[in-house]
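User: Hey, I'm new to this one. Can you walk me through it?
Analyst: Sure, here it is.

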Amino acid sequence: MINSYQLKTAIIKNIKSQTKEIKLFTLQFKKEEDQKNFFFTPGQFIEAGIFGFGEAPFAICSSNLNENFFQICVRKIGQLTTRLHNCKIGDEIQIRGPYGNGFPEIKNLENLLLIGGGIGLIPLRSIIQTIGNTRQNKIICFYGAKNCNDLLFKNEHKQWKNFLDLHITLDKPDSKWNGNVGLITTLFDKIDLQTMTTHQLKAFLCGPPIMYKFVIEKLKELKIPDENIFLSLERRMHCGIGICQHCAIDSKYVCKDGPVFNYKEIKNNL
């Protein structure tokens, strides 16, 4: 029987600062067998912790095709995350998971629209990394951030544009910004999505809850069916296995039934 509380030790192989408060951690399980048997679907999450400091859920943001490592982003907002930010390469942390349900299989999709607001780009990066340059069909990504300093994965954007139609908008840009200014919904008015087969288009969303309301309105204007819209609600999670009930939405648990949900099944509970 699988023990949901079983911890596995992972070694920090690399750390890269993304913003003032966010770092990207590259992790590898200490036991070769644990790493070999680790597989996840983009959109799933792990619980990461340090003895004496607790644990918290983090979306996996690397490709699930990588067999030798996986990555998470950590935003410094409390005791555990501050301790993680103070870790160094070679330090060990404890991992359990992966948990939850991720985004649907992407290789057979004819059209894909990724929409990430703020740190919502983190779980979507797993999809982007997995797709890489192996996909022939059209992919568009809308990404919104507050300002230039909050942009995530800046060093990867140039590479992404080889296989991704990336559109970025900022709420409060500096004088050097030449891109779009405004909320992420303004991109719908400037980017022609009619070239995509909208009734077959799949939209994957991740961002602050307030973003969903207005983005979904735009998607419905395009007549995208509810069942083709997928949302990640990962911000509501805590324990990861449905025990604490912190993430309950009616009869569903975000950590067990999600964090990715089809809009059709939860639209009355958002």
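**A first look around**

Analyst: Let's start at Trp 160, which lies in helix α4 (residues 157-160); helices (H or I, at least four residues) and strands (E, at least two) are DSSP runs, numbered from the N terminus. This is a predicted model, where local features need pLDDT of at least 70 and side-chain atom pairs count only at pLDDT 80 or more, while totals for chains, interfaces and linings use all residues. Residues are numbered from 1 along each chain as its sequence is written, and side-chain values use heavy atoms, with hydrogens and water left out.

User: Is Trp 160 buried or exposed?
Analyst: Trp 160 counts as buried because its relative accessibility is 2%. Buried means under 20% relative accessible area, exposed over 50%, and partly exposed in between (1.4 Å probe, protein chains only).

User: What does Trp 160 touch?
Analyst: Leaving out residues up to four places away in sequence, Trp 160 touches Leu 121, Arg 125, Ile 128, Phe 153 and Leu 166. A contact means heavy atoms within 4.5 Å.

User: And how far is Gln 129 from Trp 160?
Analyst: They are 8.6 Å apart in space, C-alpha to C-alpha, and 31 residues apart in sequence.

User: Zooming out, how many helices and strands does the protein have?
Analyst: There are 8 helices and 15 strands. Of the 270 residues in the protein, 53% are buried.

User: New topic: which residues of α6 are buried?
Analyst: Met 211, Tyr 212, Val 215, Ile 216, Lys 218 and Leu 219. The buried residues of α6 pack against β7 (111-117), α5 (186-190), β11 (202-206), β12 (229-232) and α8 (263-266).

User: What comes after α6?
Analyst: Lys 223 follows α6, and its phi is positive, near 65 degrees.

User: OK, pockets. What volume does the largest pocket have?
Analyst: About 760 Å³. On a 1 Å grid over the protein atoms alone, a pocket is an open set of points where a 1.4 Å probe fits, with protein on both sides within 12 Å along at least five of seven lines, and lining residues have an atom within 4 Å of a point. The volume is the space filled by probe spheres set on the points, which are joined across faces, edges and corners.

User: Which lining residues are closest to its centre?
Analyst: Of the 26 that line the largest pocket, Gly 117, Gly 118, Gly 144, Ala 145 and Lys 146 are the closest to its centre.

User: Which element gives the most to that lining?
Analyst: That's α6 again, with 4 residues in the lining of the largest pocket.
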